[in-house]
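Open the model in a viewer and keep the selection tool at hand. The stops below say what to select next and what is there.

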Amino acid sequence: ACNAAISACEKGSQWEKALQFLYVMAQKQVKVSAVTYSSAISACEKNGNWEDALQLLRLMGQSNAELDRIAFSAAISACEKGSEWKKALELFSVMVQGETELDIISMNAVMSSCEKGGEWEKALHFFNVIVWDEVEPDAITFNAVISTLEKRGEWEKALQFFSVMAGCVVKLD
């Protein structure tokens with residue numbers, strides 16, 4: 001029931017209520033699962049509440065719950081929305097060092113965080129990592145790269161990426 005309540009809070013962008021449910025669970029000594037933590041972190045992410053998202057990730061690591069790519073991706077996205085690109089890079093580094101499975105969601109989140117933070121070289125580096133690791137890019141990936149190139153004034157390269165995107169099996173938006 002608690003997992004469902006926290007998940008509902010996440011979907012309704014009610015991060016404060018999600019944290020209240022977690023507090024009640026801790027008071028009642030109810031075991032908190034990875035799914036519960038991830039839902040609460042995602043609720044924080046929806047509002048860019050990166051501080052609480054990182055605190056929850058730390059608590060998750062201290063508990064018996066497994067730190068997974070879903071929790072990391074949500075925390076990285078919270079950092080992105082809170083304009084904390086350095087924190088996003090730190091989390092991504094922890095993911096890699098901990099051998100947490102990487103996916104396009106976590107890679108897009110860190111790439112977008114760098115792009116929004118004005119760290120264009122780092123954003124383009126993560127696009128290369130996506131290509132090297134043979135992770136299939138999606139529309140979010142290409143949008144971040146095109147936006148990065150546009151902000152650098154490299155409109156010709158942005159158009160080239162758009163052509164590549166159009167040639168891929170990526171839904172254009």
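Select Trp-50, Ala-53, Leu-54, Leu-56, Leu-57 and Met-60 in helix H4; these residues are buried. Note that this is a predicted model. Viewed around the axis, the buried residues cover an arc of only 160 degrees, so they lie on the same side of H4.

Next, show the whole of H4, residues 50–62. Its 13 residues should span 18 Å at 1.5 Å a residue, and the end C-alpha atoms are 18 Å apart, which agrees.

Now add what covers the buried residues of H4: helix H2 (15–27), helix H3 (34–46), helix H5 (69–81) and H6 are included.

Keep H4 in view and turn to the largest pocket, which holds about 220 Å³ of space. Which residues line it? Select Trp-50, Glu-51, Leu-54, Leu-57, Arg-58, Gly-61, Leu-67, Phe-72, Lys-87, Glu-90, Leu-91 and Val-94. H4 and H6 are the elements that give two or more residues to this lining. H4 gives the most, with 6 residues.

The last stop is the aromatic pairs, of which the model has 2. For one of them, select Phe-92 and Phe-126: the ring centres are 5.1 Å apart and the planes stand at 90 degrees, so the pair is edge-to-face. Phe-92 sits in helix H6 (residues 85–97) and Phe-126 in helix H8 (residues 120–132), so the pair links distant parts of the chain, 34 residues apart. Are these two rings' residues buried or exposed? Phe-92 counts as buried at 6% relative accessibility, and Phe-126 counts as buried at 8%.

Definitions and conventions. Residues numbered from 1 in each chain as written. Predicted model: local features only at pLDDT ≥ 70, side-chain atom pairs only at ≥ 80, totals over all residues. Heavy atoms only, no water. Phe/Tyr/Trp six-rings, centres within 6.5 Å; stacked < 30°, edge-to-face > 60°. Helix = DSSP H or I, 4+ residues; strand = E, 2+ residues; numbered from the N terminus. Buried < 20%, exposed > 50% of the residue type's maximum accessible area, 1.4 Å probe, protein only. Expected span 1.5 Å × (residues − 1). Arc of directions from axis to C-beta. Contact = heavy atoms within 4.5 Å. 1 Å grid on protein atoms, 1.4 Å probe; cavity = no way out; pocket = protein on both sides within 12 Å on 5 of 7 lines; lining within 4 Å. Points joined across faces, edges and corners; volume = space filled by probe spheres on them.
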